Amino acid sequence: MASVVIEACTRRRKRSRRGPYPFEKFAAPGTVDGLSGGVFRDDVRLFLQEFAGVEDYSVAGMPVWSVWLVESSNGALFPLYIVEESVQCSPDPFCDYCKFAGWGHHFVSKRRYHFIIPANANWEKPLGSDCLQIEAPHTLHGMIHCNGYGHLLCINALSREESHSNLRGTDFMDFWDRLCTALKTRNVSVFDVSMKGGMDLRLLHGVTYGMSWFGKWGYKFNRGSFGVTEQIYQKAIENLQSLGLDKILNDFQKLCPGRRRKIKQVIEKYREMSEETLITISELLQFIMRSSAFTTHQIQKTNNNKSMPGAGKHNNAYECDPIPAEGFLNMLAKSDCRWSLKRLEMVLCTIVDLLKERCGGMMTRQELRDRARLCIGDTGLIDYVLKSISCVALGNHTVRRSRNPITKLLEFSIGGETEAEKFPFLEGVVHPSSTRHPSTKRVEFLAPCGNNVASGDIYGDLKLLYDSVLLAYPAGRVILDSKQFVKEWGSFQEDATAERMALTCQVLPSFEELETELTRPLSPGEVVVVPGSITIGELKRVAQSALRDTYCVMDRLEVRQVGGLRGMEEERAVMGCVGGAHVWVRGRGLDLETEMRYQDGGSATNSKVECICGTREDDGERMVECEGCQVWQHTRCCCGIDDGEDAPAVFLCRDCAAAVLAGGIGNRLL
């Protein structure tokens, strides 16, 4: 597969005359020099000009660029496509992602850029006409409006069987983060309903690490569903993280003795394995997630049971092979490790030699540690490698770690390849906004905890703790109702120098427009990077050009005034006249009649949301409209039904239902 991809991509790459670029380093500081615009709308154009080539086809009339990337470890070549979508020509000019992220009040931007790495099976093919659809199977799909606000729509691990690639979901997240930083992106949202093996990762990772899976890259709570606020969310995280294991057992003492027995067995097992005392559920989950049996194997991609011949109850059983020494050492070196790859390799080879010398090939951890110290000298290094070993293959030998059932001591053994045990594996992919549940039709995400695989015992233990403990407490429901996360990049003013400065120019409506415009938050200002010596007159022209270039509603805007500088000469320098990096601009020519005004598709007269949970805006959850007052409410809140159940054919809110009973609403509703 890899050679076919390389040949096909090489033929098409001749048109771009650029690249390929090393995937692991591309867009890192210093690798995309020349992006001097300072703001996204300028830097994305410079990026396409300097690093991308135009493809000889379009998608629904939209131009397509490509940047070719190469994976260092095996030379696999694959494309990053950039599709420029003109909003005025788009069948969907408004952005639901903005609406759900709380950005529905933003003015509609003129262009949005789609960054796409296709699924590896499609690397050698042109983008299809459905490439921008939510269901399109991409490895990476991010969309950024020309004002710098964007959305991570899809990120997915590669199929190892098809690509033989070493790239993981975390590698593509690293790449996306570098790209957003290099292009001066302002904010990126993600709607996180990521799952793994029936477990929502925002709950599992939230309790384990205090943040979602995306939190590693700086994504933080943005908006909750069903009235959940950031304060409520943080309190729920803290409550569950600090939940004591002994308290859990006490809580289940009377409620469910049978389940308590299973939970107790799991807790005691890992308390016995851990060298440190485990007090809280968070500490227990952290130990399980970093335990060697869970973290030193690569994920094996599984087939969908429904598509497998003779699918049955054993179709999830796959062989658990030892991890190759090369992969094991690379994994250690990429983690927060202070030792070089060469030093790690030396310790592993020493361990293998010592075990081979021992008759029977078995040594306790302490024996092996003491013997290795005579050869290595660095006890911390030895302990780090020993702690990480679970089942590692070096040449024709396999080193395994186990606990002696009688002495309870950790022991290491060496032997040839034996028949592997059977374990149920889970596919570890992150795929926001690409999979729909067959019953609920809701979009679901799949995400990895890393490229890890759990044995049947560990997965079963995690699933038991998730189902029986995390979901049993009210705080778990609060965390599950928190799906909107966002990353905000730093202030542009941080890069300001004496030669240039960054100013955010926000349009203040005219006095005649204030009555209508201030019924909703104002759209964010547009950033301009200008010389430090710029005059007031020049700033007006720069701000006018940037705003016209960015928003549909400002196509004919004429900037007449810069806030606080009214009456000053046009030739006067701005430096020293404005306080801070934010300025107001006022003018005329806003197209207040255009339909493409706000990202939520309308104005303050849009459909009214007023749910009993406190929600006053569309949060992306399923809602139903009252036939009486035309107010929208969550089906879960007002009807008590799950997403998989049918909504009522006719719905009346509590007030309207009471009015019907009192005869206050006509018989047309009956």
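The following exchange examines the cores, burial and one helix of a predicted model.

Trainee: How many helices and strands does the chain have?
Mentor: The chain runs to 670 residues, of which 51% are buried. Its secondary structure comprises 21 helices and 28 strands.

Trainee: Among contacts between residues at least 6 apart in sequence, what percentage join residues at least 24 apart?
Mentor: The question concerns contacts in the chain between residues at least 6 apart in sequence. Of these, the share joining residues at least 24 apart is 69%.

Trainee: Which helix gives the most residues to the largest nonpolar core?
Mentor: That core holds 85 residues, and Phe 26, Phe 47, Phe 115, Tyr 219 and Ile 281 touch the most other members. The helix that gives the most to this core spans residues 456-470 and supplies 8 residues. It is helix α16.

Trainee: From which domains does this core draw at least three residues each?
Mentor: One contributor is domain 1, covering 1-186. The other is formed from two segments, 240-295 and 458-481. The core therefore draws on domain 1 and domain 2.

Trainee: How many residues are in the other core, which includes Val 347 and Met 363?
Mentor: This core lies apart from the largest one, and Val 352 and Leu 368 are also among its residues. Its membership is 27 residues.

Trainee: Which residue of helix α6 is left out of the buried set?
Mentor: Helix α6 covers residues 201-209, and 8 of its 9 residues are buried. The buried set is Leu 201, Arg 202, Leu 203, Leu 204, His 205, Gly 206, Val 207 and Thr 208. What remains of the helix is residue 209.

Methods: Residues are numbered from 1 along each chain as its sequence is written. This is a predicted model: local features need pLDDT of at least 70, side-chain atom pairs count only at pLDDT 80 or more; totals for chains, interfaces and linings use all residues. Side-chain values use heavy atoms; hydrogens and water are left out. A nonpolar core is a set of buried Ala, Val, Leu, Ile, Met, Phe, Trp, Tyr and Cys residues joined through side-chain atoms within 4.5 Å. Buried means under 20% relative accessible area, exposed over 50%, partly exposed in between (1.4 Å probe, protein chains only). Helices (H or I, at least four residues) and strands (E, at least two) are DSSP runs, numbered from the N terminus. Contact means heavy atoms within 4.5 Å.
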